[in-house]
Amino acid sequence: MNFRIRLLSFFFLLCFGIIIGKLFYWQVIDRERLVSLAAQQYYTDYQVSAPRGKILTADNFPLVLNRQSYLLYVNPQELEISPEKLKEKLEGIVDTSRIDQQVLREKKLVWFALAKDLTEEKKQAIEKLQIKGLGFEEGETRFYPEASMSAQLLGFVGESENGEKKGYFGLEGYYDHELRGQPGRNFFEKDALGRPMFLTGFFEEQPIAGRNLLLNLDRALQYVAEKHLKEGVERYGASSGLVLIMNPKTGAVLAMAAFPSYDPATYFRFEPDLFRNPVISSVFEPGSIFKVIVMASALEAGAVEPDEICTQCNGPRQIHDYSIQTWNDKYFPDSSMTDIIVHSDNVGMVYVAEKLGLERFYQYLEKFGFGKKTEIDLQGELKASLRKKEDWYEIDLATASFGQGIAVTPIQILKAVCALASGGELYRPQVVKKIFEDERSITIEPKKEGRPISAKTAKIVTQMMIEAVEKAQWKKPVGYKIAGKTGTAQVPIAGHYDPDKTVASFVGFAPADNPQFAMLVTIKEPTASPWGATTAVPIWMEIAEEIFRLWEIPPSS
Amino acid sequence: MKKIAFAFILCLILKLLLLGQGVLSGGTVAGLDEEILSLKEENLKLEAEIAQNLSYHHIAQKAAESGFVSLSELAKKDSSVALRP
């Protein structure tokens, strides 16, 4: 009897010991895991993403918005049809070329992304197929109402190494910190239905929406510039082209177009080379459009007078082993400074540059902003450096006087020409006018960077540019005073110039007596004609004509 | 003693009532949150739709479909055109 009681007692003690042991294990050893498991059941803690800021044109039209988007995923464990059948059914709705059928056969997987950034319509189309194992995750994606308009200016939103949304290139890259906002967080105890219970722990951190950008960009101008640029590049059989329009009195960027371009909504389908904005990240030898800058520098320094007669313009100029000629091998012995600009006389420009001298020439280049970035508010600007002063030889000064052997970016050249149009004041190019959110806004004032030349010099050079346009036999808007200069630069390759390739440009501003806009048109490697006068000029004039009409600018005479 | 017991029971009932209210309001707030979210989604959708319909690309496409010709095209044809009445 005693043995039985002892056995039973031992049995109870053993069971008790096991229970105590298990409780010790749960309470002490495995505590953390179980506490977190319980917390997962009782509490909800999730991140609330912040909507990315919008980008608006000067007329408050949204160029970039956010749109509800969906990520399509599959749970291979629940998939009841074969991967081949799934691919076949989704064909035409999503891009099925990237679906890895091997992965879909992996039954250990519970989640695999099939497609992202799907629209509501596509989601509904997939839902109609009633395929078990498919699901959607909600999110936001960038939406571009004007499609690919100003793609290289805007940039795009991709993903960082951590899988977070991140802006790349253009405005999206430069203002990423402003646009992205700050995600919020919700933490609360939930009931059996997953609803929040406010009597216990509750914590809510509202997301801070990204700031919006209001641009200086004129939507109508941007549309017109892109349209005419595309037509022009096709018409003249060019490889690419760009148009840049600025307000010379403030530095505001009114339009910036490049062709070919890409669609920022589907950027991953395009060659990465297209992401770079050629207006700020390509360098070229400006050719004759540079002559107005050199002439302005020489006049400002007092090296030449407007009515001075060139004493060396009667024939080709020999500098050591090099012979400098005019573009058409015609020479004008008694040319004044105005004639040199009107005839785009290379020999005349060598005369001007030599009178200015390397020291002052270099100083004025720096004053006009060459050799450094313009600091435009776009990601990806290239610094077109100037060669060290010690490395300049006589021939370098001579060729630089007519825009050869010197590399600049298109934004640098228009910024400098804007100084001629604004009476000598140099402004920093600015794309964004205002950064704003619900409660506050920051207006970005025009940034004046200096005065490379006086108002008097600016007026003289403007008059020279007016004559250059008026004496040319081009089709131009009737009654408007336009100041401009053509340029045809050769393309340097492996130590020499390609005989067949040119970069044709026209830079100018109008109305010349009260400039409302300054514009640069550059066409790369046109095949119909190599000259700026027959390729870039017609595009410039077509756009200018539309601007006069859109802005209701009355004729000068 | 009876008063303490009575007060204790009263507090207990009150706590239960408040707890119930809390749970109910949680449901209401969750419902309101959902409604706000769906309205925000609808707003996003409408904003995108309006912007797309007002975009120059869309207007130009519709104008071309309706037979309108751009001024630059007319200029190329050298036709005379009245810009303003």
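**Figure 1. The loop that holds P260(A), with its cis peptide bond.** In this predicted model, P260(A) sits in the loop that runs between strand 12 and helix 10 (278-281) of chain A. Look at the bond that joins F259(A) to P260(A): it is a cis peptide bond, with omega at about 5 degrees.

**Figure 2. A second cis peptide bond, from A510(A) to P511(A).** Omega is near -20 degrees for this bond. P511(A) belongs to the loop between strand 20 and strand 21 (517-524) of chain A.

**Figure 3. The largest cavity and the residues that line it.** The structure holds one cavity of 30 Å³ or more, and about 60 Å³ of space lies in the largest cavity. Its lining is made by S150(A), A151(A), Q152(A), L153(A), E226(A), M256(A), A257(A), A258(A), S261(A), N277(A) and V279(A). Helix 6 (151-154) and strand 12 (253-259) of chain A are the elements that give two or more residues to this lining. Sorted by class, the lining has six nonpolar, four polar and one charged residues.

**Figure 4. The second largest pocket.** This pocket has a volume of about 1,200 Å³. It is lined by 39 residues, and the closest to its centre are S288(A), T326(A), W327(A), N346(A) and W531(A). Several elements of chain A each supply at least two lining residues, namely strand 14 (322-324), helix 12 (337-343), helix 15 (394-400), strand 19 (483-493), strand 20 (496-510) and helix 18 (532-550). Strand 19 of chain A gives the most, with six residues. If you are curious about the chemistry of the wall, the lining has 16 nonpolar, 19 polar and four charged residues.

**Figure 5. T486(A) and its surroundings in strand 19 of chain A.** T486(A) is a buried residue because its relative accessible area is 16%, and buried means under 20%. Leaving aside its neighbours within four places in sequence, T486(A) is in contact with S288(A), I289(A), W474(A), S505(A), F506(A), G532(A), A533(A) and V537(A). One of these partners, S288(A), also appears in the previous view among the residues closest to the centre of the second largest pocket.

**Figure 6. The largest nonpolar core, with a view around F370(A).** In soluble globular proteins, nonpolar side chains tend to be buried together. Here the largest nonpolar core has 84 residues, and those with the most contacts inside it are L171(A), L215(A), M295(A), F370(A) and L420(A). Helix 16 (residues 410-421) of chain A gives the most to this core, with nine residues. Zooming in on F370(A), and leaving aside its neighbours within four places in sequence, you will find it in contact with F290(A), I293(A), L365(A), L386(A), V408(A), Q412(A), I413(A) and A416(A). A second, separate core has 31 residues, including L229(A), Y236(A), A255(A) and F548(A).

**Figure 7. Helix 13 (residues 346-356) of chain A and what covers it.** This helix is largely enclosed by the rest of the structure, because nine of its eleven residues are buried. The buried residues are N346(A), V347(A), G348(A), M349(A), V350(A), Y351(A), V352(A), A353(A) and L356(A). Their cover includes helix 11 (291-301), strand 13, strand 14, helix 12, helix 14 and helix 15 of chain A. N346(A), one of the buried residues of helix 13, is also among the residues closest to the centre of the second largest pocket.

**Figure 8. Two loop residues with positive phi, H320(A) and E375(A).** H320(A) is not a glycine, yet its phi is near 55 degrees. You can find H320(A) in the loop between strand 13 (317-319) and strand 14 of chain A. H320(A) counts as exposed because its relative accessible area is 60%, and exposed means over 50%. E375(A) also has a positive phi, of about 65 degrees, although it is not a glycine. The loop that holds E375(A) runs between helix 14 (358-367) and helix 15 of chain A. With a relative accessible area of 43%, E375(A) is partly exposed.

**Figure 9. Chain B and its helices.** Chain B has three helices and zero strands, and its elements run α-α-α from the N terminus on. Of the 85 residues in chain B, 11% are buried. Chain B exposes about 7,100 Å², and carbon and sulfur atoms supply 68% of that area.

Definitions and conventions: Residues are numbered from 1 along each chain as its sequence is written. Chains are lettered from A and ligands numbered from 1 in the order in which they are written. This is a predicted model: local features need pLDDT of at least 70, side-chain atom pairs count only at pLDDT 80 or more; totals for chains, interfaces and linings use all residues. Side-chain values use heavy atoms; hydrogens and water are left out. On a 1 Å grid over the protein atoms alone, a cavity is a set of points where a 1.4 Å probe fits but cannot get out, and a pocket is an open set with protein on both sides within 12 Å along at least five of seven lines; lining residues have an atom within 4 Å of a point. Grid points are joined across faces, edges and corners, and a volume is the space filled by probe spheres set on the points. Helices (H or I, at least four residues) and strands (E, at least two) are DSSP runs, numbered from the N terminus. Ala, Val, Leu, Ile, Met, Phe, Trp, Tyr, Cys and Pro count as nonpolar, Asp, Glu, Lys and Arg as charged, and the others, Gly among them, as polar. Buried means under 20% relative accessible area, exposed over 50%, partly exposed in between (1.4 Å probe, protein chains only). Accessible areas come from the Shrake-Rupley method with a 1.4 Å probe; for residues, only the protein chains shown count as cover. A nonpolar core is a set of buried Ala, Val, Leu, Ile, Met, Phe, Trp, Tyr and Cys residues joined through side-chain atoms within 4.5 Å. Contact means heavy atoms within 4.5 Å.
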